[in-house]
Amino acid sequence: MKMNLSISSHNKINKENIAKAISIIFDTKNAMPDYIKKMLLERLLWATTEHDNNGIYKKYDGQPYWSKGALRKLILNIAEKKKNPKLSPYQDLRHEHSIPKKIIRELTLVNDITNEQAFEILNNFGHAVVISKDEDKLLNQKKLRSKLAMPLDEIKNLSDVFSRYKKAEIQICDVRNSNIFQLTATEIDNLVSLT
């Protein structure tokens with residue numbers, strides 16, 4: 001599949017390394033059993049969005065895209081944690097793949113996929129979004145859990161990558177220049193939405 005887009009990723013080196021691994025796994029010269037290929041691919045697709053360029057686990061902290069609902073839940077959790085120190089600040093948050101992992105799996109589950117092809121798929125479609133548990137339920141209600149809001153071949157930019165959230169009326173923001181642990185409700189309201 002040749003794509004006519006190039007969406008820059010926040011963890012490009014991580015995705016380059018994972019693309020190399022995918023191309024090795026699916027090289028037919030390696031004669032690896034299919035079930036092993038599928039197991040390895042499944043873990044690698046999670047690592048595509050859960051790890052930074054140094055391989056450090058960043059399921060929530062360090063993710064560039066958060067919904068306003070998730071940010072509001074985070075500040076409520078931080079306030080609640082003062083009363084209940086055992087509470088996680090990430091309570092009731094979800095790490096979501098903006099393009100469902102099922103679709104990325106189908107695109108990469110190809111014998112003799114090249115490193116370049118795998119990277120193009122991961123770089124363009126391998127983005128995570130942190131949403132609240134309630135927003136996750138909303139995606140399910142709108143039947144957008146594992147489906148796109150538009151045809152894959154019509155995705156041309158980052159806004160299109162987030163089209164499921166737009167259709168579900170979930171506001172997604174780029175928070176790379178914000179300290180998410182110190183945002184106020186007003187600052188969250190004023191964040192520019194990408195959806």
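This passage describes the charged side chains of a predicted model, with attention to salt bridges and one surface patch. Because the model is predicted, local features were accepted at pLDDT of at least 70 and side-chain atom pairs at pLDDT 80 or more, whereas totals for chains, interfaces and linings use all residues. Residues are numbered from 1 along each chain as its sequence is written, and side-chain values use heavy atoms, with hydrogens and water left out.

Side chains of opposite charge can pair when their charged atoms come close. With a salt bridge taken as a side-chain nitrogen of Lys or Arg within 4 Å of a carboxyl oxygen of Asp or Glu, the count comes to 12 salt bridges. Arg72 is paired with Asp189, with 2.8 Å between the closest N and O atoms. Because Arg72 lies in helix 3 (residues 68-81) and Asp189 in helix 9 (residues 185-190), this pair ties together parts that are 117 residues apart in sequence; helices (H or I, at least four residues) and strands (E, at least two) are DSSP runs, numbered from the N terminus. Accessibility was classed as buried (under 20% relative accessible area), exposed (over 50%) or partly exposed (in between), using a 1.4 Å probe and protein chains only. On this scale Arg72 is partly exposed at 33%, and Asp189 is partly exposed at 45%.

A second pair, Asp92 and Lys133, has its closest N and O atoms 4.0 Å apart. Asp92 is found in the loop between helix 3 and strand 2 (93-97) and Lys133 in helix 6, so the salt bridge ties together parts 41 residues apart in sequence. Asp92 is partly exposed at 26% relative accessibility, as is Lys133 at 31%. In addition, Glu96, Asp136, Arg145 and Arg164 are joined into one network by salt bridges that share partners.

The salt bridge between Arg43 and Glu50 has an N to O distance of 3.6 Å. Here Arg43 is partly exposed, with a relative accessibility of 42%, whereas Glu50 is buried at 6%.

Lys102, Lys142, Lys143, Lys147 and Lys167 form a positive surface patch. Patches are made of residues with over 30% relative accessible area and no salt bridge, like charges being joined within 9 Å; Lys and Arg count as positive, while His and the chain ends are not counted. Within this patch, Lys142 is placed in the loop between helix 6 (133-141) and helix 7 (158-161), and Lys142 is partly exposed, with a relative accessible area of 40%.

How values were computed:
Patch = residues over 30% accessible without salt bridge, like charges linked within 9 Å, V, L, I, M, F, W, Y side chains within 5 Å. Areas by Shrake-Rupley, 256 points an atom, 1.4 Å probe, with all protein chains shown as cover. Charge placed at Lys NZ, Arg CZ, Asp CG, Glu CD.
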